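Welcome! Here is a short briefing to help you find your way around this structure, one topic at a time.

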Amino acid sequence: MGKTRLVFEAIRQSPGASELTILTDDDDRATEVARWLVNHGEMTAVLIADECPVEGREKLRRILRGSESRVRAVAIDNTGEPTPGGSPEIWLEKIDGRSTEEILAQNFGAVPAERRRAYADLSGGYVRLAADLCRHDHQMHLAGTIAPARLQLDSYYRSRLSDTDRHVVEAVSLLQRVGCDDDVTEELNQLAALTGIAPQTVRDAAQRLKNSPGFLARTPRYVYVTPQIVAEIAFGHAWKRWAEANRASFLDHFPPSLLNSFETRVRGLMDQEVRSFVSAHFCARVANLTPADLANTDRVNQLLSLLETNPSAYLPQLERLVRESSHAELLAQGEHPLGTRGTRRGIVWAAERLAAFPEYFTSAEYILRRLAMAESEPRIGNNATGIWRQLFRVWLSGASVPFLARFEIYKQVLFSDETAERDLALGGLERMWDTRVSRMGGGSVVAGRIPPSDWTPESREEAAACLAAAFDLLERMLSSGKPLVDAAWSYFVGQLTALLGYGELSNLEALLAKFPLPEPLLAPWLEKIDDYLQYECGDLVSSKRSHSAYCERVRAWRNRMSPTDFVGRLRAVVGKDIWHHSIRERASVGGSEIDMIADELVGTVGLLEESFAFLCSTDARSAVSLGAALGRRDISGSFLEPILAAARHFRAAALLRGYVTGLTAASPGHEAKINQVLDLLEVEDAPIAVEMILGALEVTDPAARIVRMISQGKLGLESMQFLLYGKTLQRLTSAQFYDTIGVFDHIDTSPDELNIGCDIIDSWLRTDDSNSTIDPIDSDTIDRILSILRKSASTETRGDFGWSEALTRLAQEVPAEVAAIAATAVLGDDYEKQRHGATILANLAVTYPDVVMNEIGPRMLDSGVGWRWNAESHKQIFCALPADTVQTWLDGVGLSGARRIARHLPSPFIDSEGNAVVPAVTEKVLAMYGDDETVFGEFCAGQHHREVMIGDLAAAYEGFARAAQPFLNHPARVVQRWAANEIASSRFWAGRWRKDTESERFER
């Protein structure tokens, strides 16, 4: 960590430091010098005692007592043991990876960032080791190993350890980890038999070396060598010491139970000779694999272990297996219990990691491609499909092969005769040249090597070549069949703003000269150009002259592409997205494009009728805005009938809806005519009537009309959601609302329809909150509201918000009815309603405890549904209920009630003043029934029932044990018993999670 260097840099800042400072790395010499300085009273000095353990520091403190004004001592220690006398100390923690990277970046900026990151990871916070790796980066990169830096690394390694300790570290380095305690103690015994080093010697060394130099780390059950680069150096010595004389015999006699840990260590080594020998020695394991074995977890894991030990030997074998596999065999992943990943994950990860190396890219790409065409993990982003497509991106591809070389493979797949291959490639087209991408990071060492950096363009010329390749590809696609043509145009439209930002205007102009833009794409094309001009060319005053000139070229191109004939302009303007117009026109100082089109339609007889086919199509994305503009101009209302006729003919009412909005806003005198038309449409064309109503919600009595059409069977209940628009519900009286929601109050109302009804009820009740002038809610309306909420209570509707909000608003007005509905929900099928129902009951319990207890009590004891009560934790309800209320209920039902509620009793806790508190309701129930084994068991089981824990789970359970400790002295025996049970259970699970965490730490 550079402690000596830190002291040196601090001391040398003082004037005359060279004449004042005495340095020694021998603590006996340091004490001799200290005595000499004390005995020569006129001397002033700074004594630096390096490698000075705690005993030496304590001797210096006693010797120099009284002489501090002229003699200062700085003791540097690596053991980490504190001074018993309490002398001032500075404690240096191991530097974390990010800090190490920052140090390396400032001192070795020429080393690629990815390799600096790898060196920081390999060195584990030992900056000196990381710096040595950076100093030899060029030579190591050329050699493909750490050999050029090995001399310096080995020297540092030897200097920090005694011979005895080195032998221990080297023995442990043979394995990724070695068990030394609990259920894995036998691992250490077997390692001792292999190396001749006694188990206790290893344990003693681990305890001694864990702080300084830190090369051995200890978890509760395991010992392992750290950092990785030290493990590499130590393994080299261990291999020479125990294996070199007879390598085959060494491997043949290696304890079988330690082989997996040994192989994990070997496949991370940078020593290719060792890795190759080990992989060859065990090759018989995978010699006869067949495609069917891809579903065999054990056999695939054996192959993957050897694969990263020697990819050159085993990657062709994996490629062969994938090549020879049928579609069904590729889909097979074997049996994988909960918590495991199956064989597919391991194969995809291995192929992704090896794709970073140029010599393995082709095989890895093929493996991923075949797996992607038989995708079995569609719900995750880094599946075979996602990683295959990632390999062909310009940026963050995870591959070091130059883009243009990879691109040749991509084109072969894209133009394949096989539809699945073509579709796989088409899915990666959109992000291929995108700079706004990300990917998961990989390991610092893969197959014993530091992976090369991702290829990225290093010059403008390389970036231009990538874009040129894109245009060549897209031109070829435009000359092909329909799926490829459509994909190419879709890409251009989606990326047009970015392409203009890359300065590709000339290429775009040339492309359109060769391939005319399809008419339906003109509007979105112009929309993207408008976006570029607005956001990239908005401030030309402060722009560079070259950029201003380019923007003017883009503007001129847009103007040339913009049609001059009316039909073309109509399609170009109304074909743009409706939000594009609203956003652009707020920022524009010119007139609205929509208004200009509307003026021409109004001013030219017959022009509107000629345009209906387009305006009533899906391509007219701004038809609503144009309709509103027409309505504002058509004061006489003469367009109403032809627009209505067109809407009915083409079955598209966006233009009509907008027109009615504009007409009623500008000319209120047409309200009667619109309602007359709606009277007719209610009978003849209900779907068009609804669209027309949406354009004039304020004047068409939408609630009554929609309810009538639903009652007559001309509309479905889903049309009721239109009442949530505008202020429709705010205008309804209680009586009118009663009639409106009656359509939901039927036995056959579907869950989705009930969801709409609950949202409408909630919205109307909110209106009552905000409008004090509205009529009070009559009892009939409340009864109908409750009836609908009751129907929805136990039904899975995926729409709990309106339901819970409506119930909450009625809780104080009709508490008993709300409690009954909430209690029904708690035992229902909708998880969110269960949760909200419990919260409503807990809130009601504060003011209406008897009401709540009377509702939940019988349901808990119900033999048919009572079991559902224990599916969730309902402590919040019993935290709110007074103890006397619960006791009164128990007096009536007895032991059966206690057994039902025991799981939900509030937990004992430590208050803010440190007192051990048992909540009153819990204390009463346990006092009355705690001797019953079922009651006690349910109470213990419910303490952490349905709790969600995040982070260090072992620490959380240890916290539970500590929190229960004070209750061992509680006066109630049953509480003492609970505390003992809680402590034992929590310690068990803490130990279990510690073991799991240890195991996961060493997984690759």
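## Helix α27 and its surroundings

The cover over the buried residues of helix α27 includes α25 (460–478), α26 (482–501), α28 and α29. Please keep in mind that this is a predicted model. The points below begin with that helix, then turn to the nonpolar cores, the cysteines, a serine and the chain as a whole.

**The faces of helix α27**

- Helix α27 covers residues 505–514, and its buried residues are Leu505, Leu508, Leu511 and Leu512.
- Looking down the axis of α27, you would find these buried residues within an arc of 120°, so they line one face of the helix.
- A general rule helps here: an α-helix has 3.6 residues a turn, so residues three or four places apart point the same way.
- Ala513 and Lys514 are exposed, on the other side of α27.

**The nonpolar cores**

- The largest nonpolar core holds 156 residues, and those touching the most other members are Phe262, Trp433, Met477 and Trp525.
- Helix α26 gives this core its largest share, eleven residues.
- Trp525 has a rich set of partners: leaving aside neighbours within four places in sequence, it is in contact with Trp489, Phe492, Val493, Leu496, Leu512, Leu517, Trp557 and Met561.
- One of those partners, Leu512, is also among the buried residues of α27.
- There is a second, separate core of 127 residues, and its members include Ile597, Leu644, Ile777 and Ile788.

**The disulfide and other cysteines**

- How many disulfides does a search of the whole structure find? The search finds one.
- This disulfide joins Cys537 to Cys551, with an S to S distance of 2.0 Å.
- In general terms, a disulfide is a covalent bond between the sulfur atoms of two cysteines.
- The disulfide of Cys537 and Cys551 is left-handed, because the torsion about its S-S bond is about -80°.
- Cys537 sits in the loop between α28 (522–536) and α29 (545–561), while Cys551 belongs to helix α29, so the pair ties together parts that are 14 residues apart in sequence.
- Both partners are buried: Cys537 has a relative accessibility of 3%, and Cys551 has a relative accessible area of 0%.
- Cys134 is buried as well, with a relative accessible area of 4%.
- Cys879 is in no disulfide, and the nearest cysteine sulfur, that of Cys940, lies 17 Å away.
- Is Cys879 buried or exposed? With 52% relative accessibility, Cys879 counts as exposed.

**A serine in helix α53**

- Ser986 is part of helix α53, which covers residues 973–1001.
- With a relative accessibility of 2%, Ser986 counts as buried.
- Not counting residues up to four places away in sequence, Ser986 touches Tyr957, Phe960 and Ala961.

**The chain as a whole**

- The secondary structure of the protein chain comes to 53 helices and eight strands.
- The protein chain has a radius of gyration of 39 Å, whereas a compact globule of 1004 residues would have one near 30 Å.
- Along its principal axes, the C-alpha trace of the chain spans about 115 × 90 × 75 Å.
- Of the 1004 residues in the chain, 49% count as buried.
- Taking contacts between residues at least 6 apart in sequence, 71% join residues at least 24 apart.
- The accessible surface of the chain is about 47100 Å², and 51% of this belongs to carbon and sulfur atoms.

Note on methods:
Residues are numbered from 1 along each chain as its sequence is written. This is a predicted model: local features need pLDDT of at least 70, side-chain atom pairs count only at pLDDT 80 or more; totals for chains, interfaces and linings use all residues. Side-chain values use heavy atoms; hydrogens and water are left out. A disulfide is a pair of cysteine sulfur atoms within 2.5 Å. Helices (H or I, at least four residues) and strands (E, at least two) are DSSP runs, numbered from the N terminus. Buried means under 20% relative accessible area, exposed over 50%, partly exposed in between (1.4 Å probe, protein chains only). The arc is that of the directions from the helix axis to the C-beta atoms. Contact means heavy atoms within 4.5 Å. A nonpolar core is a set of buried Ala, Val, Leu, Ile, Met, Phe, Trp, Tyr and Cys residues joined through side-chain atoms within 4.5 Å. The radius of gyration is taken over C-alpha atoms; the globule rule is 2.2 Å times the number of residues to the power 0.38. Accessible areas come from the Shrake-Rupley method with a 1.4 Å probe; for residues, only the protein chains shown count as cover.
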